[in-house]
Amino acid sequence: MKFAFLKGELTASEAESFGLVAMTVPASELLHRGAAVAERLSGRNREALVRTRRLLRENFDRALEDQLEQERTAFMACAETAAFQTAIEEFFAARAARKAKSAGE
């Protein structure tokens, strides 16, 4: 709101602090950081990313109840995939390993 009424432009760091951009990096690091982000995304489940993006993009056009139903539907569809089952197993295995490690310390 402050930006809309009092200021005509933002610096990159202001845009980041307002949540308008995900991150800012110096120009000299752009290629390296962009490749790192792409690498992280490439290891994620494509279907889940597509569904999440669609939910975020379309949420302003729906009533809350409709959005919640769409989120439930997307979650249930993802939960039926082998990738979801693998991720759940990996999550609980890592959790158990952390518990075991902290119990042994």
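Partly exposed here means a relative accessible area between the buried limit, under 20%, and the exposed limit, over 50%. With that in hand, welcome to some close-ups of this predicted model.

**View 1. The aromatic pair of Phe75 and Phe84.** Phe75 has a relative accessible area of 48%, so this residue is partly exposed. Its partner Phe84 is also partly exposed, at 23% relative accessibility. The two rings sit 5.5 Å apart, centre to centre, with 90° between their planes, an edge-to-face pair. A search of the whole structure turns up two aromatic pairs, and the next view shows the other.

**View 2. The aromatic pair of Phe91 and Phe92.** Here the ring centres are 5.1 Å apart and the planes meet at 80°, so this pair is edge-to-face. Phe91 counts as partly exposed at 45% relative accessibility, and Phe92 is partly exposed too, with a relative accessible area of 44%.

**View 3. Helices H4 and H5 side by side.** How do H4, residues 46-58, and H5, residues 64-79, cross? Their axes come within 10 Å and cross at roughly 175°, so the two helices run roughly antiparallel to each other. H4 brings Ala48, Arg51, Leu55 and Glu58 to the contact, while H5 brings Gln67, Gln70, Glu71, Ala74, Ala77 and Cys78. Sorted by class, that makes five nonpolar, two polar and three charged residues.

**View 4. A closer look at Gln67.** Is Gln67, a residue of helix H5, buried or exposed? Gln67 counts as buried, because its relative accessibility is 7%. Setting aside neighbours within four places in sequence, Gln67 is in contact with Leu55, Glu58, Asn59 and Arg62.

Conventions
Residues numbered from 1 in each chain as written. Predicted model: local features only at pLDDT ≥ 70, side-chain atom pairs only at ≥ 80, totals over all residues. Heavy atoms only, no water. Axes fitted to C-alpha atoms, helices over the stretch in contact; angles between N-to-C directions. Helix = DSSP H or I, 4+ residues; strand = E, 2+ residues; numbered from the N terminus. Parallel < 35°, antiparallel > 145°, perpendicular 65-115°, else oblique. Contact = heavy atoms within 4.5 Å. Nonpolar A, V, L, I, M, F, W, Y, C, P; charged D, E, K, R; others polar. Buried < 20%, exposed > 50% of the residue type's maximum accessible area, 1.4 Å probe, protein only. Phe/Tyr/Trp six-rings, centres within 6.5 Å; stacked < 30°, edge-to-face > 60°.
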